[in-house]
Amino acid sequence: QVQLIESGGGLVQAGGSLRLSCAASGRTLTTWIMGWFRQAPGHQRQYVAAAQGDLTEYADLVKGRFTISRDIAKNTVSLQMNSLNAEDTAVYYCAAMEAGTWSNLDDYEYWGQGTQVTVSS
């Protein structure tokens with residue numbers, strides 16, 4: 001069983017930055033796909049970014065502002081978020097899968113509990 005625990009959320013002013021981290025335990029996820037999703041109140045969960053090894057992919061809404069990175073040795077995945085705006089306010093979730101479509105949340109096997117990011121304008 002894989003457990004994912006997110007950290008790093010909080011309150012930040014518009015234009016600021018936050019760094020989210022997700023620590024995996026239970027097994028080593030070296031070749032797994034690790035993704036970040038977010039869900040704002042009243043909205044569906046939305047794809048943000050994913051990574052597998054050195055490969056990365058981003059949703060258009062965050063491209064150029066967010067950076068996903070993996071630390072294979074530490075079994076973690078991080079999301080550096082810059083130039084935040086109010087529309088980035090959401091609960092951010094880390095997810096993991098062995099294979100599937102990176103942007104499809106239904107393909108992910110394991111999920112973290114989420115961490116709140118609030119951007120004040």
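The count of salt bridges comes to three in this model, which is a predicted one. Two of the pairs involve Asp-88, with Arg-38 as partner in one and Arg-65 in the other, while a further bridge joins Lys-63 and Asp-60.

**The network around Asp-88**

- Asp-88 pairs with Arg-38, their closest N and O atoms lying 2.9 Å apart; because Asp-88 sits in the loop between strand 8 (76–81) and strand 9 (90–97) and Arg-38 in strand 4 (residues 33–39), this bridge ties together parts that are 50 residues apart in sequence.
- Asp-88 also forms a salt bridge with Arg-65, where the closest N and O atoms are 2.8 Å apart, and this pair links the loop between strands 8 and 9 to the loop between strand 6 (55–58) and strand 7 (66–71), 23 residues apart.
- Asp-88 has a relative accessibility of 1% and therefore counts as buried, as does Arg-65 at 16%; Arg-38 is likewise buried.
- Through shared partners, the salt bridges join Arg-38, Arg-65 and Asp-88 into one network.

**The Lys-63 and Asp-60 pair**

- The side chains of Lys-63 and Asp-60 meet in a salt bridge at 3.1 Å, N to O; Lys-63 counts as partly exposed at 49% relative accessibility, and Asp-60 as exposed at 65%.

**The surroundings of Thr-115**

- Thr-115 lies in strand 11 (residues 115–120) and is buried, because its relative accessible area of 12% falls under 20%.
- The side chain of Thr-115 reaches the backbone nitrogen of Gly-9 at 3.2 Å, and, leaving aside residues up to four places away in sequence, Thr-115 touches residues including Glu-6, Gly-9, Leu-20 and Tyr-92.

Key. Residues numbered from 1 in each chain as written. Predicted model: local features only at pLDDT ≥ 70, side-chain atom pairs only at ≥ 80, totals over all residues. Heavy atoms only, no water. Helix = DSSP H or I, 4+ residues; strand = E, 2+ residues; numbered from the N terminus. Buried < 20%, exposed > 50% of the residue type's maximum accessible area, 1.4 Å probe, protein only. Polar contact = N/O pair within 3.5 Å; in protein donor to acceptor, adjacent residues only side chain to side chain. Contact = heavy atoms within 4.5 Å. Salt bridge = Lys/Arg side-chain N within 4 Å of Asp/Glu carboxyl O.
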